[in-house]
Amino acid sequence: MSLNDLYTCHGENLSETPWDIYPRPQMRRDSYVNLNGQWEFRVGEEAAPVYEGSIRVPFCPESLLSGVNQHFSEGSLLCYRKKVTLPEGFYKGRVLLHIGAADQELECYVNDKKVGEHKGGYEAFVFDIT
């Protein structure tokens, strides 16, 4: 282990779903799914369909805890993908996808349909994916 590979005690003991608690307990809803954890990950052109790696969300690719631990040059296209099945009885009228932050530009797809995009870094935003 090098100095760059040092973990805190919390980093050494991460669960499969990091920070699997409701983010704002005072605003808790009864239909909530935490999407933190392992996602498929790839770097490359939009047309490249093969996801060969994985990343632990919510960590950035450069961090050791992401499992990627690599810096990518400016302008690199980073793609994340996760199959999600909502639990029985989840739907209560609207389904909102909350994203805590993205670096610069994001396009979001659900079932291969574009549901939104966001430009700007390090701010939270929401897509209605009902």
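Before I turn to the charged side chains, let me fix one term: a residue is called buried when its relative accessible area is under 20%, exposed when it is over 50%, and partly exposed in between, with a 1.4 Å probe and protein chains only. What you have in front of you is a predicted model, in which local features need pLDDT of at least 70 and side-chain atom pairs count only at pLDDT 80 or more, while totals for chains, interfaces and linings use all residues. Residues are numbered from 1 along each chain as its sequence is written, and side-chain values use heavy atoms, with hydrogens and water left out.

Let me begin with the overall picture. The protein chain has one helix and seven strands, where helices (H or I, at least four residues) and strands (E, at least two) are DSSP runs numbered from the N terminus. Along the sequence the order is α-β-β-β-β-β-β-β, and the C-alpha trace spans about 50 × 40 × 25 Å along its principal axes. Of the 130 residues in the chain, 23% count as buried.

Now to the salt bridges, by which I mean a side-chain nitrogen of Lys or Arg within 4 Å of a carboxyl oxygen of Asp or Glu. As general background, side chains of opposite charge can pair when their charged atoms come close. By the rule I have just given, the model holds four salt bridges.

One of these joins the side chains of Arg81 and Glu40, at 3.0 Å from N to O. Because Arg81 sits in strand β3 (residues 78-81) and Glu40 in strand β1 (residues 37-43), this pair ties together parts that are 41 residues apart in sequence. Arg81 is partly exposed, with a relative accessible area of 36%, and Glu40 is likewise partly exposed, at 31%.

Which residues does Lys114 bring together in a network of salt bridges? The network links Glu107, Lys114 and Glu117. Within it, the side chains of Glu107 and Lys114 meet at 3.8 Å, N to O, whereas the pair formed by Glu117 and Lys114 comes to 2.6 Å, again N to O. As for their surroundings, Glu107 is partly exposed with a relative accessible area of 44%, Lys114 is partly exposed at 37%, and Glu117 also counts as partly exposed, at 43%.

To finish, a word on contacts, meaning heavy atoms within 4.5 Å: among those between residues at least 6 apart in sequence, 42% join residues at least 24 apart.
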